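Visitor: I should like to learn how the features of a protein model are read. Please begin once the structure is displayed.

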Amino acid sequence: STPTTRAVINVDLGGPVINRHLYGHFAEHLGRCIYGGFWVGEDSELPNVGGIRTDVVEALRALNIPNLRWPGGCFADEYHWQDGIGPRQDRPIMVNTHWGNVEENNHFGTHEFMALCELLGADPYVNGNVGSGTVREMSEWVEYLTRDGDSPMVRQRKANGREKAWRVPFWGIGNEAWGCGGNMRPEAYADEARRFATFLRDHGDNKLYRIAAGANDDNLAWTEALMKAVSCLGCGNKPRGFFQGISFHYYTHDGDGIHRSHATDFDDTQYYRTMIKAADIDRVIKAHRAVMDSYDPAGVVGLVCDEWGTWWQVDEGTNPGFLQQQNTLRDALVAGLHFDIFHSHAERLIMANIAQTVNVLQSMILTDDQGGLVLTPTYHVFEMNKGHQDAASLAVHQPGGPATIDVDGTALAQVTASASRKGDTVLISAGNLSLDSGTMIDFDLRGGSVSAARGRILTADRPQAHNTVAEPTAVAPVELEVRVTDGHLIADLPPHSFATIEVDLA
Ligand code: AHR
């Protein structure tokens with residue numbers, strides 16, 4: 001008989017709110033993310049709004065994308081924003097030395113990015129250039145974007161066709177300053193971040209949430225240096241307001257270093273090692289939180305995971321610098337697992353950005369130049385989970401602990417789950433990570449009565465399953481039968497599956 005997984009959820013004990021910005025995105029000038037992904041140009045035969053591909057926007061609107069980070073990544077630290085404004089034919093060409101060594105014609109610049117955010121309904125998260133830029137350049141970019149009234153930058157913006165100031169809530173102070181952003185040492189970057197932040201002004205009503213470029217994985221010394229740079233233990237523990245958030249980056253692979261394993265051709269060992277690496281982000285977040293707690297016990301400074309996702313070998317025949325990879329059910333399960341963990345850290349973790357939205361790394365969408373568009377399995381997890389945005393988190397207890405799978409001596413929880421409540425609706429997400437064991441999941445809801453429940457499931461006959469233009473729905477959500485009895489929700493979770501259950505409370 002199928003083993004049962006029991007889980008208890010107290011629907012009347014809401015925890016910290018899951019910030020909608022945990023469902024944020026990242027679009028870099030890298031490979032075919034901007035050019036050939038979002039941007040096709042106004043002269044394209046493909047339907048577009050001012051050069052931005054219409055079907056891409058329509059598909060992404062269904063995800064309720066809360067924010068979009070741009071223009072990089074590593075590209076941000078060699079990007080000079082003044083090159084990307086004014087008439088397109090006059091914009092200078094540069095070389096994108098990080099990504100493919102290709103020419104960048106700057107046709108997608110500040111105005112195009114802000115138009116994209118407006119089309120998506122997403123808040124802009126602009127990442128400034130610390131590595132090869134100046135304080136003046138970054139300060140003037142903020143002025144150009146957000147100042148009203150009259151000033152040199154405002155006059156330039158108006159001359160380029162935009163009267164009103166834009167709202168820009170999030171600002172990144174460089175990227176990966178320990179590496180492609182300038183190979184700095186932690187204390188040196190911490191001082192740079194303070195210096196740049198000083199000149200990132202709040203113009204009018206626009207209040208910037210400044211995010212310092214943080215650690216890779218569990219480089220806690222980096223986080224500590226940044227916390228020291230803002231902490232003020234002598235003044236009631238209230239951090240100084242140079243920057244409001246600190247980022248970190250976390251990529252998932254199968255334990256053997258990035259770009260080693262194939263995106264679709266992997267074995268069971270590589271699958272499980274991937275899940276172990278994905279699950280380990282929980283330890284990494286806890287470690288960053290502990291450092292932050294010691295300098296900022298009130299939790300004022302936010303933790304931001306502004307790059308996460310899987311990183312595999314590139315698709316055969318593509319430019320290795322374009323980081324284009326297929327996306328399977330394995331990637332979807334990584335996304336579901338990350339969200340369960342993100343939800344459990346909702347108190348300190350205020351934003352996360354998947355790398356990247358279109359055609360790069362763990363994308364939502366794959367496009368081709370003939371008008372083909374594929375929604376990846378990862379897209380479906382974002383769509384199925386969108387009800388968690390801004391909902392109160394609910395703890396999910398598996399009595400006695402979850403059943404585990406031994407992976408090279410490390411225990412992987414077979415079933416991971418998270419839940420949230422918004423008004424009288426509860427949303428539960430659950431993943432079964434086992435490759436061969438199904439389970440009957442029994443959610444015991446306490447503290448409220450269930451009037452209806454609707455389930456959806458994302459799975460396939462094998463974890464390597466993926467979508468293509470020829471077969472776009474090989475991995476797509478279908479209805480999941482949920483039996484409701486005495487406040488219990490019972491459903492079958494087959495191997496390698498992800499499910500959501502939406503519950504109406506009476
Ligand atoms: O997302 C791809 C790259 O990964 C980003 O440009 C960089 O920040 C990271 O190393």
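Visitor: How many salt bridges does the structure hold?

Guide: The structure holds 30 salt bridges. A salt bridge is defined as a side-chain nitrogen of Lys or Arg within 4 Å of a carboxyl oxygen of Asp or Glu. Side chains of opposite charge can pair when their charged atoms come close. This is a predicted model, in which local features need pLDDT of at least 70 and side-chain atom pairs count only at pLDDT 80 or more, while totals for chains, interfaces and linings use all residues. Residues are numbered from 1 along each chain as its sequence is written, and side-chain values use heavy atoms, with hydrogens and water left out.

Visitor: Which residue forms a salt bridge with Glu112?

Guide: Arg91 is the partner of Glu112, with 3.1 Å between the closest N and O atoms. Because Glu112 lies in helix H2 (residues 110-120) and Arg91 in the loop between S5 and S6, the pair ties together parts that are 21 residues apart in sequence. Helices (H or I, at least four residues) and strands (E, at least two) are DSSP runs, numbered from the N terminus. Both Glu112 and Arg91 are buried; buried means under 20% relative accessible area, exposed over 50%, and partly exposed in between (1.4 Å probe, protein chains only).

Visitor: What does the salt bridge of Asp504 link?

Guide: Asp504 forms a salt bridge with Arg454, the closest N and O atoms being 3.0 Å apart. The pair links distant parts of the chain, 50 residues apart: Asp504 is in strand S27 (residues 497-505) and Arg454 in strand S23 (residues 450-458). Asp504 is partly exposed at 23% relative accessible area, and Arg454 is partly exposed at 38%. Elsewhere, salt bridges that share partners join Glu42, Arg88, Arg91 and Glu112 into one network.

Visitor: How is a disulfide recognised, and which cysteines does it join?

Guide: A disulfide is a pair of cysteine sulfur atoms within 2.5 Å. The count by this rule is one, and the disulfide joins Cys74 to Cys180 with an S to S distance of 2.2 Å. The torsion about the S-S bond is about -90 degrees, so the disulfide is left-handed. Distant parts of the chain, 106 residues apart, are linked: Cys74 is in the loop between strand S5 (67-70) and strand S6 (94-96), and Cys180 in the loop between strand S9 (170-173) and helix H5 (186-198). Cys74 is buried at 10% relative accessibility, whereas Cys180 is partly exposed at 25%.

Visitor: Why is the sulfur of Cys305 in no bond with that of Cys74?

Guide: The sulfur of Cys74 is the closest cysteine sulfur to that of Cys305, but the distance is 15 Å, which is too far for a bond. Cys305 is buried, at 0% relative accessibility.

Visitor: Is helix H10 enclosed or open, judged by its buried residues?

Guide: Helix H10 (residues 377-384) is largely enclosed by the rest of the structure, because eight of its eight residues are buried. Among them are Tyr379, His380 and Phe382.

Visitor: Where is Gly236 located, and is Gly236 buried or exposed?

Guide: Gly236 lies in the loop between helix H6 (220-230) and strand S11 (245-252). With a relative accessible area of 67%, Gly236 is exposed. The C-alpha atoms of Gly236 and Asp296 are separated by 9.9 Å, although these residues are 60 residues apart along the chain.
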